[in-house]
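Trainee: I would like to learn how labels get attached to residues. Could we go through some together?
Mentor: Happy to; let's take a look.
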Amino acid sequence: ETARRERSGEFRRHCVAAALVLGVMAGPPALGGAQAATPEKRVALVVGNSAYRHTLTLENPSRDARAVAEKLQKLGFEVIEGYDLDKPQMDQKIHAFAKAVRGADIGMFFYAGHGMQVNGENYLVPVDAAFEDPSDLEFRAVSMDAVIQQMKYDVAVRVVVLDACRDNPLSRSLARSLSAVTRSAKVADGLAKIDIGGEGGEGTAIIYATSPD
């Protein structure tokens with residue numbers, strides 16, 4: 001319980017820092033009588049998954065995500081939000097975000113819930129996910145890279161905030177199913193560090209609730 005409280009407090013400090021950064025991006029208010037500048041286009045996707053069907057439920061994600069969505073709306077964001085989403089619902093929200101964020105001055109993705117890394121690639125876990133067969137990873141989880149890719153199309157500033165639970169029983173069940181067919185697959189604790197170098201990485205910030213791996 002103490003560890004959970006410390007972790008929750010640490011992540012809230014990260015969120016406050018992110019909000020301050022976004023506040024600085026907004027710039028000072030226009031002076032009275034001055035012509036207002038064209039408002040920035042700010043679009044965010046906020047997902048909080050708590051009510052998992054095949055593993056332990058999580059207390060904080062959906063609650064924290066709702067608080068973040070409310071804060072972003074006050075900061076002038078168009079917010080696409082979803083809570084306790086299954087795989088089709090997550091795909092639908094990501095698709096809607098992909099269309100809405102194109103051409104944005106600021107695009108933001110906030111995720112709280114279960115996550116995992118397999119062979120160095122990060123996956124987000126919908127609430128209906130179960131990993132009993134090696135093929136389940138591709139069809140029942142959401143690739144983090146696919147979400148970030150949608151933010152690279154004509155988006156000036158990209159902010160990604162990840163609060164993925166490190167202790168994930170689903171990762172262990174996936175590791176067992178993969179080990180039955182291959183020894184090369186590696187399912188590791190926590191999320192892998194996301195490489196934002198190279199083309200399309202400029203203007204990107206990744207904020208973790210915990211250290212990578």
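Trainee: Why is Arg42 called buried?
Mentor: First, remember that this is a predicted model. Arg42 has a relative accessible area of 12%, and buried means under 20%, so Arg42 counts as buried. You will find Arg42 in strand E1, residues 42-48.

Trainee: What makes the link between the side chain of Arg42 and the backbone oxygen of Leu75 a polar contact?
Mentor: The side chain of Arg42 reaches that oxygen of Leu75 at 2.4 Å. The cut-off for such a pair of N or O atoms is within 3.5 Å, and 2.4 Å satisfies it.

Trainee: Why does Asp154 count as exposed?
Mentor: Its relative accessibility is 59%, and exposed means over 50%, so Asp154 earns the label. Asp154 lies in the loop between helix H5 (144-150) and strand E6 (157-165).

Trainee: And why is Asp84 called partly exposed?
Mentor: Asp84 has 27% relative accessibility. Partly exposed covers values between the 20% and 50% limits, so Asp84 fits there. Asp84 sits in the loop between strand E2 (78-83) and helix H3 (87-101).

Trainee: What makes the phi of Asp84 worth a remark?
Mentor: Most residues other than glycine have a negative phi. Asp84 is not a glycine, yet its phi is positive, near 55°. Asp154 also has a positive phi, about 60°, without being a glycine.

Trainee: Which residues have the most contacts inside the largest nonpolar core?
Mentor: Phe109, Tyr111, Met144, Val160 and Leu162, in a core of 39 residues. Helix H3 gives the most to this core, with 5 residues.

Terms used
Residues numbered from 1 in each chain as written. Predicted model: local features only at pLDDT ≥ 70, side-chain atom pairs only at ≥ 80, totals over all residues. Heavy atoms only, no water. Helix = DSSP H or I, 4+ residues; strand = E, 2+ residues; numbered from the N terminus. Buried < 20%, exposed > 50% of the residue type's maximum accessible area, 1.4 Å probe, protein only. Polar contact = N/O pair within 3.5 Å; in protein donor to acceptor, adjacent residues only side chain to side chain. Core = buried A, V, L, I, M, F, W, Y, C linked by side-chain atoms within 4.5 Å.
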